[in-house]
Amino acid sequence: MSDTTALVPERHEQSEDVFAATADARFADAVRSRSADAALRAGRGIRQVLGRPVLLLALVWLVLVVIAAIAPNLLAPGDPLDGVPADRLQGPSAEHWFGTDQLGRDLYTRVVHGTALTLSAAGIAVAVGLVVGTLLGLLAGFVGRFVDEAVMRLADVLLAIPALLLSLAIITALGFGTINVAVAVGFASIATVSRISRSEVLRVRSSVYVDAARASGDRWGRVLFRHVLPNSAGPVLVLAVLEFAGAILAVSALSFLGYGAPPPAPEWGSLVSGGRDFLRNAWWLTTFPGLVIAATVLAANRVSRALDSEGRRTR
């Protein structure tokens, strides 16, 4: 009897050791499986990009644009504000790729160094629209009732006003400048983001895991920000990429109208505006900055379409 009693703790310890070893093995297998899945997804994504020349070209262009915004001296080491009067209004050449302006300044250098101003304004605009629109959409879709009605009626009012006119009205109240232009453009995109966010929240809200989280006693804030928001953010992020392209176009348009940074800041829109008086003799002053704006917008649109199609396949 005493021998049998003495064997019980040993068997218990052995079972605990086996359970621990099995749990560690299962955890290691799960980690390896997730790593393998991530590697497979990355490889599939690279093959898809290489198999789509237009998407690859768009990504390369956007990488160059980001480099120009972060480190413009790598692509154009000159000073965008210095000019040589003797070289004024020279056409594109090996020395001046985009030609020179009326003050003899290299246009390519000004376009490259103006990338940071335009992209920073577009980024602020997207951030304003994304944060405010997502929060409004979350509250409208999750709370419902009168909150949903109020938010959606506000979105209807904003959507009824053309985005450019709404931005101009906000700039009139805030004043000129790059930051004010960015805030105005971002405010005009709140309604679209809130509608997309609301529709995704309504879809996720009826999911089983959300009901399980509620049944387990989680507070509504924890359910909202831990379960609903992460699972409804995919289409909103894709929309953010698309809105970034639209924000570049809107910021450039407002800068073209003279509401952006004052001269001689080389914003893309102001560069196009500055060449209007020389269209007859210096076509490159408006053509090359306009082509850069168009290429950046089209590249961002192409990437957003690819992200949207990939997200629809995974959902």
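User: What makes two rings a pair, and how many aromatic pairs does the structure hold?

Analyst: Rings of Phe, Tyr and Trp (its six-membered ring) pair if their centres lie within 6.5 Å, and planes under 30 degrees apart count as stacked, over 60 as edge-to-face and the rest as tilted. The structure holds 6 aromatic pairs. This is a predicted model, in which local features need pLDDT of at least 70 and side-chain atom pairs count only at pLDDT 80 or more, while totals for chains, interfaces and linings use all residues. Residues are numbered from 1 along each chain as its sequence is written, and side-chain values use heavy atoms, with hydrogens and water left out.

User: Why is the pair of Phe98 and Phe288 called stacked?

Analyst: The ring centres of Phe98 and Phe288 are 4.6 Å apart and their planes stand at 5°, so the pair is stacked.

User: How do you know whether Phe98 and Phe288 are buried or exposed?

Analyst: Buried means under 20% relative accessible area, exposed over 50%, and partly exposed in between (1.4 Å probe, protein chains only). Phe98 has 16% relative accessibility and therefore counts as buried, and Phe288, with a relative accessible area of 17%, is buried too.

User: What makes the pair of Phe176 and Tyr259 edge-to-face?

Analyst: The centres of these two rings, Phe176 and Tyr259, are 5.0 Å apart and their planes are at 90°, so the pair is edge-to-face. Phe176 counts as exposed because its relative accessibility is 56%, whereas Tyr259, at 24%, counts as partly exposed.

User: Which residues do ring pairs link into a cluster?

Analyst: The cluster linked by ring pairs contains Trp97, Phe98, Tyr108, Trp283, Trp284 and Phe288.
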